[in-house]
Amino acid sequence: MARFPRALLAVATVGVTAFSLVACSDDDGGDDTSTGGACTESDEGLKVGTILPQTGSLAFLGPPEFAGVDLAIEEINEAGGVLDNCVEVFHEDSGDTSTDIATQAADALIAQGVHAVIGAASSGVSFQFIDKLYEEGIVQVSPANTSPDFTSYPRGDYYFRTAPSDILQGRVLADTVIADGHEKIAILALQDAYGTGLADAVEQNITEFGGEVVLKTIYDPTATEFSAEVSAVAESGADAVVLVTFNEIVNLGPALAEGGLSAQDLGWYLVDGNLADYSETFPEGFLDGAKGTFPGADTAGIQERLLEIDPDLTDFTYGPESYDATSLVALAAIAGDSIDSETIKDNLVDVSGGGTKCTGFTECYELLAEDNTADIDYDGYSGPIEFSPEGDVTAATIGVYQYLPDNTYENLEYRFGELN
């Protein structure tokens, strides 16, 4: 049972959607030391690949995620790299579940000889290549997968995630809906592992909290016309609607409003797949009063640093989780004194919990630089991140947000919960 207290970098082009990045200090001829300084550019260094959205229905999540990874790579290499060699990152597009871009990206990264992959953002997309990485023995750490199905996935030995299972988000979202006084709730969810998993979690918890789910409709994520879904909501008698969508919200939202079911007519509740800045998308006031949730603690501590990587960021969703995923991979390699995937896999759980607490890569690196046998407990910018044997985070924070008249959102509260 969870508990919820109230309250210039060198870039080399590799392909149309891929590029590699090495952020190293220039070698000034001085002696490298284990406590930081210039790393050595070498083919023997740690190679990290990403499969994150540059295109598709989750492309809005790509910029903060890429920024999080690149920030970690910059920090790692400024500290001296991993085992004195610079870390190189290869970025690939994930597309979405309607394309086969992710499997091609995985093949490209395998050919590059990466030791770990950060991604994907979409749970459904991760399922497109998780088996491929398993067969190659390559560690995968997703910063944004939330489907409960990964916990017991039979070929998940190399799989980890820094975002919590939707068991937790579903509980917080349902509690928010019921606490707002709603009794009859409709759920519209896209048909993929993320959408159905979160919809099920919301439904279960709404029922447990005394509400009634009067409609649960699973729609085709490639749809652009939603008249049938709007009619179903209207006929259900719902006083609130939970919208488990990706970018389909830009069509579904106006359809609901045109059907007399705007965010002001009944309660709208969004989720991490669609909670974004819509100030340039919808007319003023369109989302005013709507609420939503997404996993992650207060990002204020890392926002300025992410903006140094990408000054155009307006959303920071899953940026901290991407930083944490990359940092943990590097720390696991350092702790195990090897960059091979097997070593990284075997040390990820250990560096994430049970030892001396440290926050972020540099602080934890300094402990290991003194003694690579040191027992560290990494705490990240997204939360404490203590991995279970299944690769899940065992506790996490879920933020609750509300939209303002300009269609941006503000935080109302953060709720911490344990997954057990």
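Where is the place of Asp337? The legends below, for close-up views of a predicted model, come to that residue in the fourth view.

**View 1. The annotated domain and the confidence of the model.** In an unreviewed UniProt entry, the annotation "domain: Leucine-binding protein" covers residues 46-349. Across residues 46-349 the chain is 43% helix and 17% strand, and 19 Å separates the C-alpha atoms at the two ends. The protein chain has a mean pLDDT of 91, with 91% of its residues reaching 70 or more. Please take care with two stretches: pLDDT stays under 50 over residues 1-19, where the model has 48 contacts beyond four places in sequence, and also over residues 22-35, where the model has 28 such contacts.

**View 2. Strands 8 and 9 with helix 5 between them.** Strand 8 (residues 184-190) pairs with strand 9 (residues 212-219) in the parallel sense, over 7 bridges. To get from strand 8 to strand 9, the chain passes through helix 5 (residues 193-208), making a right-handed β-α-β crossover. One bridge to look for links Leu190 with its partner in strand 9, Tyr219.

**View 3. Ile187 and the nonpolar cores.** The largest nonpolar core has 54 residues, of which Ile187, Val242, Leu243, Val244 and Trp268 touch the most other members. Strand 8 gives the most to this core, with 6 residues. Leaving aside residues up to four places away in sequence, Ile187 touches Ala199, Val202, Glu203, Val213, Leu215, Lys216, Thr217, Val242 and Val244. A second, separate core holds 47 residues, among them Ile76, Ala79, Tyr365 and Ile376. As background, nonpolar side chains in soluble globular proteins tend to be buried together.

**View 4. Backbone geometry in three loops.** Most residues other than glycine have a negative phi, and most peptide bonds are trans. Here are some exceptions to inspect. Gly119 and Ala120 are joined by a cis peptide bond, with omega about 0°; Ala120 lies in the loop between strand 5 (116-119) and helix 3 (123-136). Asp337 is found in the loop between helix 9 (319-336) and helix 10 (341-352), which settles the opening question. Phi of Asp337 is near 60°, a positive value in a residue other than glycine.

**View 5. Asn407, a buried loop residue.** Asn407 lies in the loop between strand 15 (395-403) and strand 16 (409-418). Although Asn407 is not a glycine, its phi is positive, about 70°. Is Asn407 buried or exposed? Asn407 counts as buried because its relative accessible area is 0%, and buried means under 20%.

Methods:
Residues are numbered from 1 along each chain as its sequence is written. This is a predicted model: local features need pLDDT of at least 70, side-chain atom pairs count only at pLDDT 80 or more; totals for chains, interfaces and linings use all residues. Side-chain values use heavy atoms; hydrogens and water are left out. UniProt positions are given in the numbering used here, feature names are shortened, and annotations may be inferred rather than shown by experiment. Helices (H or I, at least four residues) and strands (E, at least two) are DSSP runs, numbered from the N terminus. Two strands pair if DSSP finds at least two bridges between them. A crossover is right-handed if, with the strands pointing away from the viewer, the path from the first strand over the helix to the second runs clockwise. A nonpolar core is a set of buried Ala, Val, Leu, Ile, Met, Phe, Trp, Tyr and Cys residues joined through side-chain atoms within 4.5 Å. Buried means under 20% relative accessible area, exposed over 50%, partly exposed in between (1.4 Å probe, protein chains only). Contact means heavy atoms within 4.5 Å. pLDDT is the predictor's confidence in each residue, from 0 to 100.
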